[in-house]
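Biologist: I'm new to this one, so could you take me through a single part of it up close? Start with a strand and its surroundings, then work outwards from there.

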Amino acid sequence: PVLDHLRRECDIKPDSSPEESFARLEGYLEHLELPRDEMLLPLASLLGCAPPEADLDPALRRRRIQEALATLWSERAELAPLILVMEDLQWLDPSTLEVLGLLIEQVPVVPILLILSHRLYYEVPWQGRDHVQTLRLERLPDESVAKLVTSVAGAPLPAEVVALIAEKADGVALYAQELTRTLLESEQMELLAGRYELRGSL
């Protein structure tokens, strides 16, 4: 996710050559008046467009990339308040988590809002910090699942179908969405007069 974000920020296309990618990154840093000397080569290394002479020890390279990313976002936040949203921390690689840790250390003095989500079983290393707040999202009640299902479908579904989806989803919004889409893509539902009707039985 971090690499994709950086490519979008620098307007680097999938077919951009290493030379073009390096030039776009350099122009991006200059445009934002960011510290070029300490950020260009680490970020270019992350993007795979660093010149050969920039090869570093892997551990040192990883650390410099992490520091460059943290500096990039904190400097961006100084230009205008920044909101970063990242989902499913439990699936992130250790290096990305370390970058988030560096950013979280700067939150008290830099205008950055980090919105991070993870499963209940996952324990984040920065839990308990004074500037870190945890919001536990409870499972959706059946009424909310019904509204979500109708929104995804774009038209009302039979009550028995909604009840079945709510039962199977067990309050998990993503599961309810996927179940609804799967059902609509099957041949079991038919849209008639602005409402879905069930063909046969589930």
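Modeller: Let's start at strand β1, residues 82-86, where the side chains alternate. Leu 82, Leu 84 and Met 86 point to one face and are buried, while Ile 83 and Val 85 point to the other face and are not buried. Keep in mind that you're looking at a predicted model.

Now look sideways from β1. Its partner is β2, and the two strands run parallel, joined by five bridges. If you want one pair to find on screen, take Met 86: its bridge partner in β2 is Leu 116. To get from one strand to the other, the chain passes from β1 through α5 and on to β2, a β-α-β crossover that is right-handed.

Next, the nonpolar packing. The largest nonpolar core has 38 residues, and the ones touching the most other members are Leu 25, Leu 29, Leu 43 and Leu 89. Both strands we just met, β1 and β2, are on the list of elements giving two or more residues to this core, along with α1 (2-10), α2 (18-31), α3 (36-47), α4 (58-79) and α5. The top contributor is α4, with six residues.

Pick out Leu 89 from that core and see what sits around it. Setting aside residues up to four places away in sequence, Leu 89 touches Leu 97, Leu 100, Leu 116, Ser 117, His 118, Tyr 122, Val 124 and Trp 126. Leu 116 is a residue you've already met, as the bridge partner of Met 86. Apart from this core lies another one, of 14 residues, including Ala 155, Ala 166, Ala 169 and Leu 183.

Let's step over to α5 again, this time for its charges. Helix α5 covers residues 94-106 and holds Glu 105. Glu 105 forms a salt bridge with Arg 129, whose closest N atom is 2.3 Å from the O. Arg 129 is in the loop between β2 (112-116) and α6 (142-153), so this pair, 24 residues apart, links distant parts of the chain. How buried or exposed are the two partners? Arg 129 counts as partly exposed because its relative accessibility is 33%, and Glu 105 is partly exposed too, at 46%.

That pair is one of several, as the structure holds 11 salt bridges. Side chains of opposite charge can pair when their charged atoms come close. Another of these bridges brings together Arg 136 and Glu 138, at 3.7 Å from N to O. Here Arg 136 is exposed, since its relative accessible area is 56%, and Glu 138 also counts as exposed, at 58%. Elsewhere, salt bridges with shared partners tie Asp 11, Lys 13, Glu 20 and Arg 24 into one network.

Two members of that network are worth a closer look. Asp 11 and Lys 13 meet through their side chains in a salt bridge of 2.8 Å, N to O. Lys 13 counts as partly exposed because its relative accessibility is 43%, and Asp 11 is partly exposed at 36%. You'll find Asp 11 in the loop between α1 and α2. Its backbone has a quirk: phi of Asp 11 is near 60 degrees, a positive value in a residue other than glycine.

Ser 16 is in that loop between α1 and α2 as well. Ser 16 is buried because its relative accessible area is 14%, which is under the 20% cut-off. The side chain of Ser 16 reaches the backbone nitrogen of Lys 13 at 2.9 Å. Leaving out neighbours within four places in sequence, Ser 16 is in contact with Ser 21 and Arg 24, and Arg 24 belongs to the network we just saw.

One last stop, towards the far end of the numbering. Asp 170 lies in the loop between α7 (159-169) and α8 (173-185). Phi of Asp 170 is near 55 degrees, a positive value in a residue other than glycine. Asp 170 is partly exposed because its relative accessibility is 47%. Then there is strand β3, residues 189-192, where you'll find Leu 191. Leu 191 is partly exposed, with a relative accessible area of 48%, and it touches Ala 155 and Tyr 196 once residues up to four places away are set aside. Leu 191 and Ile 65 are 126 residues apart in sequence and 52 Å apart in space, C-alpha to C-alpha.

Definitions and conventions:
Residues are numbered from 1 along each chain as its sequence is written. This is a predicted model: local features need pLDDT of at least 70, side-chain atom pairs count only at pLDDT 80 or more; totals for chains, interfaces and linings use all residues. Side-chain values use heavy atoms; hydrogens and water are left out. A salt bridge is a side-chain nitrogen of Lys or Arg within 4 Å of a carboxyl oxygen of Asp or Glu. Buried means under 20% relative accessible area, exposed over 50%, partly exposed in between (1.4 Å probe, protein chains only). Helices (H or I, at least four residues) and strands (E, at least two) are DSSP runs, numbered from the N terminus. Two strands pair if DSSP finds at least two bridges between them. A crossover is right-handed if, with the strands pointing away from the viewer, the path from the first strand over the helix to the second runs clockwise. A nonpolar core is a set of buried Ala, Val, Leu, Ile, Met, Phe, Trp, Tyr and Cys residues joined through side-chain atoms within 4.5 Å. Contact means heavy atoms within 4.5 Å. A polar contact is a pair of N or O atoms within 3.5 Å; within protein, one must be able to donate a hydrogen and the other to accept it, and residues adjacent in sequence count only if both atoms are side-chain atoms.
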